[in-house]
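Colleague: I am new to this one, and I would rather understand one part well than skim everything. Please pick one part, look at it closely, and then work outwards from there.

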Amino acid sequence: MRTRRLLPLALTALLLGVTAPAATAAPAVSAVPAADPCGYFTRNHLAFYNHCTTDGSRIQIKIDRINVWDTKHCVDPGTTQLGTTSQIRNAWYTGKLCPPA
């Protein structure tokens, strides 16, 4: 008697495309490291600035140094190591371009 009640439900589910949740595979782990983020970032106690651009411009950044005066430097496109995180707290684009090297 119980199977007679379940059979219409099973057929309805089959016709409507209702299925049990499928197990999802774990995401693949990439062997290639992720690209550096744009702007200031740290990694392994080192400070970096990544100038993300497609036009090849050089820009001026201000570096927030710990216990000394802040400094301004020109950086090329791509990632530039600035120093250690014990020396540098932050860095940002000043809005100025630098002459080509």
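Modeller: Let's start with an open sheet of three strands, whose order is β1-β2-β5 and whose pairing is antiparallel. Strands pair if DSSP finds at least two bridges between them. This is a predicted model, in which local features need pLDDT of at least 70, side-chain atom pairs count only at pLDDT 80 or more, and totals for chains, interfaces and linings use all residues. Residues are numbered from 1 along each chain as its sequence is written, and side-chain values use heavy atoms, without hydrogens and water.

At the edges of this sheet lie β1 and β5 (78-84), each of which pairs on one side only. If you follow the pairing of β2 with β5, you will find six bridges, in the antiparallel sense. For a spot to look at, try Leu46, which stands opposite Thr84 in β5. As background, strands in a sheet are paired through backbone hydrogen bonds, and the pairing can be parallel or antiparallel.

Where do these strands sit in the chain as a whole? The chain has one helix and six strands, and from the N terminus the order of elements is α-β-β-β-β-β-β. Both kinds of element are DSSP runs numbered from the N terminus: helices are H or I, at least four residues, and strands are E, at least two.

Stepping from the sheet to the side chains, the largest nonpolar core has nine residues. Such a core is a set of buried Ala, Val, Leu, Ile, Met, Phe, Trp, Tyr and Cys residues joined through side-chain atoms within 4.5 Å. Its members are Ala47, Tyr49, Ile59, Ile61, Ile63, Val75, Leu82, Ile88 and Ala91. The elements giving two or more residues to this core are β2, β3 and β6, so β2 belongs both to the sheet and to this list. The most comes from β3, with three residues. In general, nonpolar side chains of soluble globular proteins tend to be buried together. Across the 101 residues of this chain, 21% count as buried, meaning under 20% relative accessible area, with exposed over 50% and partly exposed in between (1.4 Å probe, protein chains only).

Now look for the covalent links. How many disulfides does a search of the whole structure find? The search finds two, each a pair of cysteine sulfur atoms within 2.5 Å. Counting bonded cysteines along the chain, they follow the pattern 1-2, 3-4.

One disulfide joins Cys38 to Cys52, with sulfur atoms 2.0 Å apart. This pair, 14 residues apart, links distant parts of the chain: Cys38 is in the loop between α1 (2-16) and β1 (39-43), and Cys52 is in the loop between β2 (46-51) and β3 (58-65). The torsion about the S-S bond is about -110 degrees, so this disulfide is left-handed. Cys38 is exposed, at 53% relative accessible area, while Cys52 is partly exposed, at 40%.

The other disulfide connects Cys74 and Cys98, again with sulfur atoms 2.0 Å apart. Here the link spans distant parts of the chain 24 residues apart, from Cys74 in strand β4 (residues 71-75) to Cys98 in strand β6 (residues 88-98). With -85 degrees about the S-S bond, this link is left-handed. Cys74 is partly exposed, at 36% relative accessibility, whereas Cys98 is buried, at 11%.
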